[in-house]
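Hi,

Here is the structure I promised to pass on. Have a look at it first, and my notes on what turned up are below.

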Amino acid sequence: NHDVLNIPGGGLANSDRLDLYRLEVLRHKYNLNEALQRLKTLSEEVAKQSGVELDEVSHFINTNISQGDQKNFDDVFGLSDKDPYEENRKRCGHVQATDFVANLSQLIKNSSAGGRELSLLCSHGWGFLSGAALIRC
């Protein structure tokens, strides 16, 4: 029994038909705000273990689930409303962990810092398994 369902016939099965791709979240089982709060706590701990504060992180890289998901992420983490990976989400949809490859590639391509800025890769994992990694790029 899953709390988040990928609907068959979506973007992964028909990559040229992103209009068919959708997620169905069983809201009575899943609380996005709680999952994001857990992710923020985990991210703060990752930063602390690395000897930095979360506010020293220059870039936050997460998944391309939806515009609403990005907005909720920004609200919990206190980020601007600018969606740096909106084009990736529009072009590719949510392609699971590949989102990180696309978003990190875009960040590296557009970066002028030469590997010196802190970036946090993180995902709420729909509340099942949150993850966070702090890198320099």
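**Helix 2 and what it packs against**

I'll start with helix 2, whose buried residues are D69, Q70, F73, D74, V76 and F77. Because they span an arc of only 165° around the axis, they sit on the same side of helix 2. Their packing partners are helix 1, strand 3, helix 3 (86-92) and strand 4. Do keep in mind that this is a predicted model. Just after helix 2 comes G78, which has a positive phi of about 70°.

**The rings**

Two of those buried residues also turn up among the aromatic pairs, so to speak of them together is handy: F73 and F77 both belong to helix 2 and are four residues apart, about one turn of the helix. In total there are three aromatic pairs. For F60 and F77, the ring centres are 5.7 Å apart and the planes are at 65°, which is over the 60 degrees needed, so this pair is edge-to-face. That pair ties together distant parts of the chain, with F60 in strand 3 and F77 in helix 2, 17 residues apart. F73 and F77 make a stacked pair instead, at 4.4 Å centre to centre with 25° between the planes. Put together, ring pairs join F60, F73 and F77 into a cluster.

How buried are these three? F73 has a relative accessible area of 1%, so it counts as buried. F77 is buried too, at 8%, and F60, at 13% relative accessibility, also counts as buried.

**The cores**

The same three rings come back in the largest nonpolar core, which has 18 residues; L54, F60, F73, F77, L120 and L134 are the ones that touch the most other members. Helix 1 (32-49), helix 2 (67-77) and strand 4 (118-123) are the elements that each give two or more residues to this core. Helix 1 provides the largest share, six residues.

L134 is worth clicking on. Leaving aside residues up to four places away in sequence, L134 touches V46, A47, S50, V52, V57, L118, S119 and L120. Apart from this core there is another one, of six residues, including I61, Y85, L121 and C137.

**A buried asparagine**

Next, N62. Where is N62? It lies in the loop between strand 3 (59-61) and helix 2. With 3% relative accessibility, under the 20% cut-off, N62 counts as buried. Which residues does N62 touch, not counting those up to four places away in sequence? They are Q70, F73, F100, N103 and C122. Two of these, Q70 and F73, are also among the buried residues of helix 2.

**The chain as a whole**

Finally, the overall picture. There are four helices and five strands in the chain, and from the N terminus on the order is β-β-α-β-α-α-α-β-β. Of its 137 residues, 37% count as buried. The accessible surface of the chain is about 8100 Å², and 50% of it belongs to carbon and sulfur atoms. Among contacts in the chain with a separation of 6 or more, 56% are between residues 24 or more positions apart.

Over to you!

Methods: Residues numbered from 1 in each chain as written. Predicted model: local features only at pLDDT ≥ 70, side-chain atom pairs only at ≥ 80, totals over all residues. Heavy atoms only, no water. Core = buried A, V, L, I, M, F, W, Y, C linked by side-chain atoms within 4.5 Å. Buried < 20%, exposed > 50% of the residue type's maximum accessible area, 1.4 Å probe, protein only. Contact = heavy atoms within 4.5 Å. Areas by Shrake-Rupley, 256 points an atom, 1.4 Å probe, with all protein chains shown as cover. Arc of directions from axis to C-beta. Phe/Tyr/Trp six-rings, centres within 6.5 Å; stacked < 30°, edge-to-face > 60°.
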